[in-house]
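Welcome! Take a moment to look over the sequence and the 3D view, and then let us walk through the model together.

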Amino acid sequence: MEDRMPGPDGPAPRPMARVLIVDDEESIRRLVSKWSDVSGYQVKAASSAEAALLMMHAWTADIVVCDIRMPRYSGVWLIEHLRTLYPSTAIIISTGYGEIDPALTVRARVTGCLAKPYDRETLLASLERAMEARKAAEPAVH
């Protein structure tokens, strides 16, 4: 079964966007990466905040889907660094604990929050909103 090609009722083609999935759970990274990839996004994944930051230096993502609770450095640590270094990158928070600090979402200009477990449609809707927010924030260059 070929799941890369949208059916006739599938979504309209979108500009290729880069998505970085950051989660310490391998099964979540794999599943969310696959959902994003088959939906037309360029996807990379990182297992830690440090790895994500290093990856961003070489491959700057348009959107980062970031787990909040990770060992060593948290998603909050990563988000604060991303805001400083990559202010135009859209950030979607992912959590299984439901403890998103509203002050963080405002301060870090978080585009969306995903409560685990979430499904493919919820993820893709968040990615679409993140791309729309990025476009709205970009100055007109033409």
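This is a predicted model, and it holds zero disulfides. In general, a disulfide is a covalent bond between the sulfur atoms of two cysteines. Two cysteines are worth finding in the view. Cys66 counts as buried, because its relative accessibility is 0%. Cys113 is partly exposed, with a relative accessible area of 43%.

Next, find helix H3, which runs over residues 75–85. Which of the residues of H3 are buried? They are Gly75, Leu78, Ile79, Leu82 and Arg83. Viewed down the axis of H3, these buried residues fall within an arc of 135°, so they line one face of the helix. A general rule helps here: an α-helix has 3.6 residues a turn, so residues three or four places apart point the same way. The buried residues of H3 pack against strands S1 (18–22), S3 (63–67) and S4 (90–95), and also against helices H2 (49–58) and H4 (102–107). At the N-terminal end, H3 is capped by Ser74, which has a side-chain oxygen 3.2 Å from the backbone nitrogen of Val76.

Some residues of H3 turn up again in the largest nonpolar core. This core has 22 residues, and those with the most contacts inside it are Leu20, Val22, Met56, Val64, Leu78, Ile79 and Leu82. At least two of its residues come from each of S1, H2, S3, H3 and S4. H2 gives the most, with four residues. Met56 is a good place to look: setting aside neighbours within four places in sequence, Met56 is in contact with Leu20, Ala61, Val64, Leu82, Tyr86 and Thr89. There is also a second, separate core of 18 residues, which includes Ile21, Trp35, Leu114 and Leu124. As a general point, nonpolar side chains in soluble globular proteins tend to be buried together.

Now move along to helix H5, residues 120–137. At 1.5 Å a residue, its 18 residues should span 26 Å, and the end C-alpha atoms are 26 Å apart, which agrees. The buried residues of H5 are Leu123, Leu124, Ser126, Leu127, Ala130, Met131 and Arg134. They cover an arc of only 160° around the axis, which puts them on the same side of H5. What do these buried residues of H5 pack against? Their partners are S1, helix H1 (26–38), S3, S4 and strand S5 (112–115). The face turned away from the buried side carries the exposed residues Glu121, Glu132, Lys135 and Ala136.

Two single residues round off the tour. Ser36 sits in helix H1 and counts as buried, because its relative accessibility is 0%. Not counting residues up to four places away in sequence, Ser36 touches Ile21, Tyr41, Val43, Leu123 and Leu127. Arg129 belongs to helix H5 and is partly exposed, with a relative accessible area of 46%. Its C-alpha atom is separated by 7.9 Å from that of Gly112, 17 residues apart along the chain.

Here are the side-chain contacts to look for in the view:

| Side chain | Partner | Distance |
|---|---|---|
| Ser74, side-chain oxygen | Val76, backbone nitrogen | 3.2 Å |
| Ser36, side chain | Val32, backbone oxygen | 2.9 Å |
| Arg129, side chain | Ser126, side chain | 3.2 Å |

Definitions and conventions. Residues numbered from 1 in each chain as written. Predicted model: local features only at pLDDT ≥ 70, side-chain atom pairs only at ≥ 80, totals over all residues. Heavy atoms only, no water. Buried < 20%, exposed > 50% of the residue type's maximum accessible area, 1.4 Å probe, protein only. Arc of directions from axis to C-beta. Contact = heavy atoms within 4.5 Å. Polar contact = N/O pair within 3.5 Å; in protein donor to acceptor, adjacent residues only side chain to side chain. Disulfide = S-S within 2.5 Å. Expected span 1.5 Å × (residues − 1). Core = buried A, V, L, I, M, F, W, Y, C linked by side-chain atoms within 4.5 Å.
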